[in-house]
2 protein chains.
Amino acid sequence: MAALEKLRERIAELTDLASVEMLLQWDQLVMMPAEGAAARAQQLGVLARLTHERATAEDLGAWLSELEGAGLDELDRDILRLARRDWERARRVPKELAVERAHASADGQQAWYLARAADDFSAFLPALERNVELARAYGECLAGDGESAYDALLSDYDFGLRTEELRTLFGALAQALPPLVAEAQISSPSSSIEVPVGAQQLAVAGTLRRLGVQQESWRVDVSAHPFTVWIGRADTRMTTRYLDGELESLLSSLHEFGHALYERQVDPALERTNLGRGTSMSIHESQAKLWENHVARNRAFADVLAAELGAGGFSLSPAKLHAALVGVKPSAIRVSADPLTYPLHIILRFELELALIAGELAAADLPDAWHEGMLRLLGVEVSSNALGCLQDVHWGAGSFGYFPSYGLGCLIAAQLWEAMSLELGGLEDDLRRGEVGAIKHWLGERVHRHGRRLDTTEVIEQATGRALEIDPFLHYVRPLTEPSPVA
Amino acid sequence: MAALEKLRERIAELTDLASVEMLLQWDQLVMMPAEGAAARAQQLGVLARLTHERATAEDLGAWLSELEGAGLDELDRDILRLARRDWERARRVPKELAVERAHASADGQQAWYLARAADDFSAFLPALERNVELARAYGECLAGDGESAYDALLSDYDFGLRTEELRTLFGALAQALPPLVAEAQISSPSSSIEVPVGAQQLAVAGTLRRLGVQQESWRVDVSAHPFTVWIGRADTRMTTRYLDGELESLLSSLHEFGHALYERQVDPALERTNLGRGTSMSIHESQAKLWENHVARNRAFADVLAAELGAGGFSLSPAKLHAALVGVKPSAIRVSADPLTYPLHIILRFELELALIAGELAAADLPDAWHEGMLRLLGVEVSSNALGCLQDVHWGAGSFGYFPSYGLGCLIAAQLWEAMSLELGGLEDDLRRGEVGAIKHWLGERVHRHGRRLDTTEVIEQATGRALEIDPFLHYVRPLTEPSPVA
């Protein structure tokens, strides 16, 4: 079947180009000399143009039409299904709009960077207005029947997810969490544990080794913001950062490990097809949050982390370490939020970006709306825009519909962990001994191996036997509000 | 003029793709986890296919035809001239032959690797025969009027260079050098200087800093074999290696610096055009050899190198260091040959590959021919094929016509150095103080800035006022045969 061969060859080419693009981005953030940036932008531009051209080409559409109704096996049917979906979505967006968005994103990030440094929202406002307008136009092009522009934006990150589901889930969370926050013993135990960088480095290396990170097929480097890329099945690169006296590196290295493991455990038969990667942003984030919240912040695993810190020359009790890793303290900043208050930061951003795209909130009114929301949801008085609505780059980069995946990731992780715990039993004993084989295997079978064959909702239902709920997450965070034995 | 814009855009795209390919190769040799190799081969394959497709496309030919005779400025005329040359050459080779050569090259490198390890020429013979046959067929496709297949192979590395010129130059060298080797005081002073790796690293870093290597736009890493890539004008990456107790790193880091400087000093107006890179392999090698032979091996510069080794905690006299860097000792191995005997290794390979491609030497008879040639040219008895005709990967990779550039590089470097010395004067005083600004400037003006606007022969004639000769090289090597004051 010539059309099928051609289709699979084109798809393989597109996946290779995507890997090349990831390598260029990794290199830029980890290895590239600073002055290489201008040439790198050109190189990335050419790759993006070639990729777009070949992903939206007429020949691909002809192969798809030829294959409709053909007697394909199950795998090829899924390949065809996703290929049609991707091809149609890519072709709905006029090239001029795609180019304009790319420029607005680059300009917006630059404007954001300067505005945040100067704590000057007005310097960011024009770029924000342009990005909102372009995101709305883009969403309108992309939207299918009965979808709003914001639905369409969401679908770029989580295909099939609807705004209404988010309203329901996040609405319930917005009711349930603030009382828990109010109950919580506010503590800042982490400030009392000053782990030197050298001990952090040894502890991170030792912990990752226990999880299966080996130099034959992994790299672990340092970058300004931790991230992970997968250049090939056996070429995984994660980064972390080490802040003197902080514990963040222990959490973020497990977070990034979760992203990496997902991609590594996709069924090898899907390699170089359009199915051979993580299915959505929220499932990806759930994998990261599972290792961050449910492993790294697990009381049992604190035994392992404390032992690794000890091997690095810094000794403290597992109980004290655990208390520092789970301490609740409402604050203005999302990225350093504790696991209980974290989703409230996301809910605020969801409400606001939804209103921006719907035209119900003017970009100029964002600082006031932010201020109000932080007070209402977190009880936090925001002292400046730099520590408020200018803290994240996403809207400056034109990414609307992205934030919800962070919150969904927390919920999905909790639901998966609950299902896994019930099914496997004895997870805490495993974690106390630093054994994660059963966890990796369960995740591989239930989530990872499917790649893009299942969308977000299907993954959750097949893995846990039910639709996404907030209760498992509430069960996870409730104990965090109780006084710690060592706090 | 739409055709010109399209042509320049396509060319810019092709240069960006070439940079991306270089980055992938650099990453593979310096950063990639070992198991990433399979995916990397796929990624490089896709880039090569896309590049070939877009470099040989009909549309490009149509733009070229439309622009013939148009009133272009001088720069665009050169762009058009090279674009036509490159397009026509690329289209002369059937796609099947290009694919077959790529496979034979990959297989041949693997066969070579195993055969060398086992010192078993017969295990390499089938791959060698296949590569010779394919190289001959490729040369015959590529050859223009009056060109032999070997001429055509040479033109891939040095456009415009003919076999007859090489016969003349290398024939004269083959007469002139052996008597000098016989006269030379055979010494092995380097074996008496055992520089630890740590001191080498500090000395290399300090020396490169003096030459202008700064972290804002350079990387210096370690790899199994030293090499240099240019990912962008301001993103240069060179590698070196440190062998315990050896001085090679001092020479090879200056060698690689020469390659790097060439690319960095091409006229910025040529960036992202088909003119914006080094013009040929022999000119490139001459830039490397100039810094290796005429700077690093200069008695005056030994003051600087000795000081840098001293700063690295290893002290020795400049005179003794210099003697170690220039000591003459005929040996079986090309890559570690001294500057006097080095070209004789190249002449042997030139004679043999010429005979292989012409069908005058059967691949099976290579070991005997090698043995005879080493005795005749260098007076060296070859003890095994592993240390004889299996020592280099080139023929295993299907690269015929490449070796001569190494020998030409030595000759061109000497002729450039002589012309520069006469014109500028006082170079040795500069070198004694570690000042290389005048050298860099002269090379930039006379050689580097032209990029591909001048071919090999024109560069030499414009820079030195005459055609390539062997006398400057003979003047350079003659003093190496005299007893060193400290030997």
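Start where the two chains meet: between chain B and chain A there are 14 residue pairs in polar contact, both partners at pLDDT 80 or more. A polar contact here is a pair of N or O atoms within 3.5 Å; within protein, one must be able to donate a hydrogen and the other to accept it, and residues adjacent in sequence count only if both atoms are side-chain atoms. To see which parts of chain B do the touching, select helix 1 (2–30), helix 2 (37–55), strand 1 (218–222), strand 2 (228–232) and strand 3 (235–240), since each supplies at least two residues of the side that touches chain A. Helices (H or I, at least four residues) and strands (E, at least two) are DSSP runs, numbered from the N terminus.

A quick note before you click on: this is a predicted model, where local features need pLDDT of at least 70, side-chain atom pairs count only at pLDDT 80 or more, and totals for chains, interfaces and linings use all residues. Residues are numbered from 1 along each chain as its sequence is written, chains are lettered from A and ligands numbered from 1 in the order in which they are written, and side-chain values use heavy atoms, with hydrogens and water left out.

**Stop 1: the meeting surface**

Show both sides of the contact: 37 residues come from chain B and 37 residues from chain A. Contact means heavy atoms within 4.5 Å. The area buried between the two chains is about 3000 Å², and carbon and sulfur atoms give 60% of that. Buried area is the accessible area (1.4 Å probe) that two parts lose on being put together, summed over both.

Why do the copies meet through the same surface? Because 100% of the interface residues of chain B are also interface residues in chain A.

Now try laying chain B on chain A: a turn of 180 degrees and a shift of 0.0 Å along the axis does it, with an RMSD of 0.0 Å. That is the relation of a two-fold axis. The superposition is by least squares on the C-alpha atoms of residues with pLDDT of at least 70 in both copies.

**Stop 2: charges across the gap**

Side chains of opposite charge can pair when their charged atoms come close. Between chain B and chain A the count is six salt bridges, a salt bridge being a side-chain nitrogen of Lys or Arg within 4 Å of a carboxyl oxygen of Asp or Glu. Pick A:R40 and B:D235, whose closest N and O atoms are 3.8 Å apart in one such bridge. Then add A:D27 and B:R237 to your selection: together with A:R40 and B:D235 they are linked in a network of salt bridges.

**Stop 3: salt bridges inside a chain**

Over all chains, the whole structure has 76 salt bridges. In chain A, select A:D59 and A:R10, whose side chains meet at 2.8 Å, N to O. This pair links distant parts of the chain, with A:D59 in helix 3 (58–67) and A:R10 in helix 1 (2–30), 49 residues apart. A:R10 counts as buried at 8% relative accessibility, while A:D59 counts as partly exposed at 30%. Buried means under 20% relative accessible area, exposed over 50%, and partly exposed in between (1.4 Å probe, protein chains only).

Hop over to chain B for B:R433 and B:D430, which meet in a salt bridge of 3.2 Å, N to O. B:D430 is buried at 16%, and B:R433 is partly exposed at 48%.

**Stop 4: A:D392 and helix 18**

Back in chain A, find A:D392 in the loop between helix 15 (366–378) and helix 16. Is A:D392 buried or exposed? At 11% relative accessibility, A:D392 counts as buried. Its side chain joins that of A:R349 in a polar contact of 2.7 Å. Leaving aside neighbours within four places in sequence, A:D392 is in contact with A:W112, A:R334, A:R349 and A:F403.

Next, colour helix 18 (437–446) of chain A, whose buried residues are A:I439, A:K440, A:W442, A:L443 and A:G444. These residues pack against several helices of chain A, including helix 9 (197–211), helix 10 (248–264) and helix 16 (403–424).

**Stop 5: an unusual backbone angle**

Most residues other than glycine have a negative phi. Click A:D119, in the loop between helix 5 (95–118) and helix 6: A:D119 has a positive phi of about 50 degrees although it is not a glycine. In chain B, B:D119 also has a positive phi, near 50 degrees.
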